[in-house]
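Here are three exercises to work through with the structure open beside you. Take them in order, and try each task before you read its solution.

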Protein chains: 2
Amino acid sequence: MHDDVLQELIHLFSKLPGIGPKSASRMVLFLLKNKEKLMYPLSRSLLSAGEAIKKCKDCGNIAVKIPCNICDNPKRDKSVICVVEDVSDLWALEKTGSFKGLYHVLGGSLSALDNITPDDLLIEQLIKRANSENIKEIILALNSTVNSQTTLHYITDKLNGTNVKITKIAQGMPFGAEINYVDEGTLTTAFKARKPV
Amino acid sequence: MHDDVLQELIHLFSKLPGIGPKSASRMVLFLLKNKEKLMYPLSRSLLSAGEAIKKCKDCGNIAVKIPCNICDNPKRDKSVICVVEDVSDLWALEKTGSFKGLYHVLGGSLSALDNITPDDLLIEQLIKRANSENIKEIILALNSTVNSQTTLHYITDKLNGTNVKITKIAQGMPFGAEINYVDEGTLTTAFKARKPV
């Protein structure tokens, strides 16, 4: 029914995360209505961003200039590394402004199902950094899923020989949550991890 | 926090329908992870589709070759025109396979709020087509919203002088719907438009 070029464009959009064929069609029709304002600028931006943005082989962050502006910032505490799974997690933490050290982006989590092994993640580089630099603490800020917790245990195991203090972010009640709406797992964890007031 | 090229790309994605800044970031990170497989092909496809796909000034459909393959198909019934608001509506109707005539895509619906007047839609061309071609019936397949119904009345009014039979698609119970779950408006319409069994 569709022309090939149209079909191809819809197909490419539908490969994006969270986008099905219907949303992809909607986006493409919207773009075709706004060729000069959106479609061509998007085409150019995809190419230039793709060529300009690189991934740091040491810390895993993405940036135009490597080392990135976090690694390169003299004001950041170079003795603490916060380990995250993805760049989006780094962005989320930066938004809170609560961390002033360095980051290490793993690039995902271990998964037997998706065949993601330690070699697919930036784990070797993390151990190198932990050994070579003046690192005092490594904070594991990983997700609360099974895969992420497996990754956490794997990394903790690997870092066991070093003199670095290894911590992980707290699990418990989300901010503003109500006890009778929170799931059982969260409530159990929060209860077990209770602290003196 | 972000580099300019990255910021620009996220900004452009967030202009797409149904996409907020968070989904846009997610898409951009996904694209950066799949530069060769997705990011560059998407950039190329946007440019080539943008340049290749044109809008027919008479029927309003989009296609690489104008007249489009519907207008150009000798098997289609050239005496019936189905009027729709958008190309996506045309696609939805084509999927059902229940219509074998020609289409006329208005390009939206009248809206005082969004300042969309008859001149912004392909209404003049519809009246021309109704007068000049051997048209026997014009089917108005417009949405059931207030704006669309206003558009329907406007078009019906304009077509009143011609000899063409004007129909609109039926309103009533959706296929598979249950009476106690359907909204009041639909139920009232379905009740009023009852037919002998």
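Two residues are in contact here if their C-beta atoms, placed from the backbone, lie within 7 Å. Keep in mind that the model is predicted.

**Exercise 1. A helix and its buried side**

Task: find the buried residues of helix α1 (residues 4-13) of chain A, and say what they pack against.

Solution.
Step 1. Count neighbours: a residue is buried if 20 or more other C-beta atoms lie within 10 Å of its own. In α1(A), this picks out A:L6, A:L9, A:I10, A:L12 and A:F13.
Step 2. Look down the axis. These residues cover an arc of only 160 degrees around it, which puts them on the same side of α1(A). As a reminder, an α-helix has 3.6 residues a turn, so residues three or four places apart point the same way.
Step 3. Follow that side outwards. The buried residues of α1(A) pack against α2 (21-33) of chain A together with α3 of chain B.

**Exercise 2. The side of chain B that touches chain A**

Task: describe how many residues meet between the two chains, and which elements of chain B supply them.

Solution.
Step 1. Count the contacts: 41 residues of chain A meet 41 residues of chain B.
Step 2. Assign the chain B side to its elements. Those giving two or more residues are α1 (4-13), α2 (21-33), α3 (35-52), β2 (62-63) and α4 (87-96) of chain B. The largest share, 14 residues, comes from α3(B).
Step 3. Sort this side of chain B by residue class: 26 are nonpolar, eight polar and seven charged.

**Exercise 3. Building the sheet of chain A**

Task: work out the strand order of the open sheet in chain A, beginning from strand β3 (residues 77-84).

Solution.
Step 1. Pair β3(A) with strand β4 (residues 101-105) of chain A: they run parallel and are joined by five bridges. In this pair, A:I81 stands opposite A:L102.
Step 2. Pair β3(A) with strand β5 (residues 137-140) of chain A, also parallel, through four bridges. Here A:I81 faces A:I138.
Step 3. Trace the connection: β3(A), helix α4 (residues 87-96) of chain A and β4(A) form a right-handed β-α-β unit.
Step 4. Put the four strands in order, which gives β4-β3-β5-β6 with parallel pairing. β4 and β6 (165-168) of chain A are at the edges with a single partner strand each, so one side of each has no neighbour in the sheet. From one strand to the next, the twist averages 25 degrees.

Methods:
Residues are numbered from 1 along each chain as its sequence is written. Chains are lettered from A and ligands numbered from 1 in the order in which they are written. This is a predicted model: local features need pLDDT of at least 70, side-chain atom pairs count only at pLDDT 80 or more; totals for chains, interfaces and linings use all residues. Two strands pair if DSSP finds at least two bridges between them. A crossover is right-handed if, with the strands pointing away from the viewer, the path from the first strand over the helix to the second runs clockwise. Ala, Val, Leu, Ile, Met, Phe, Trp, Tyr, Cys and Pro count as nonpolar, Asp, Glu, Lys and Arg as charged, and the others, Gly among them, as polar. A residue is buried if 20 or more other C-beta atoms lie within 10 Å of its own, exposed if 12 or fewer, and partly exposed in between; C-beta atoms are placed from the backbone. The arc is that of the directions from the helix axis to the C-beta atoms. Axes are lines fitted to C-alpha atoms, for helices over the stretch in contact, and angles run from 0 to 180 degrees between N-to-C directions.
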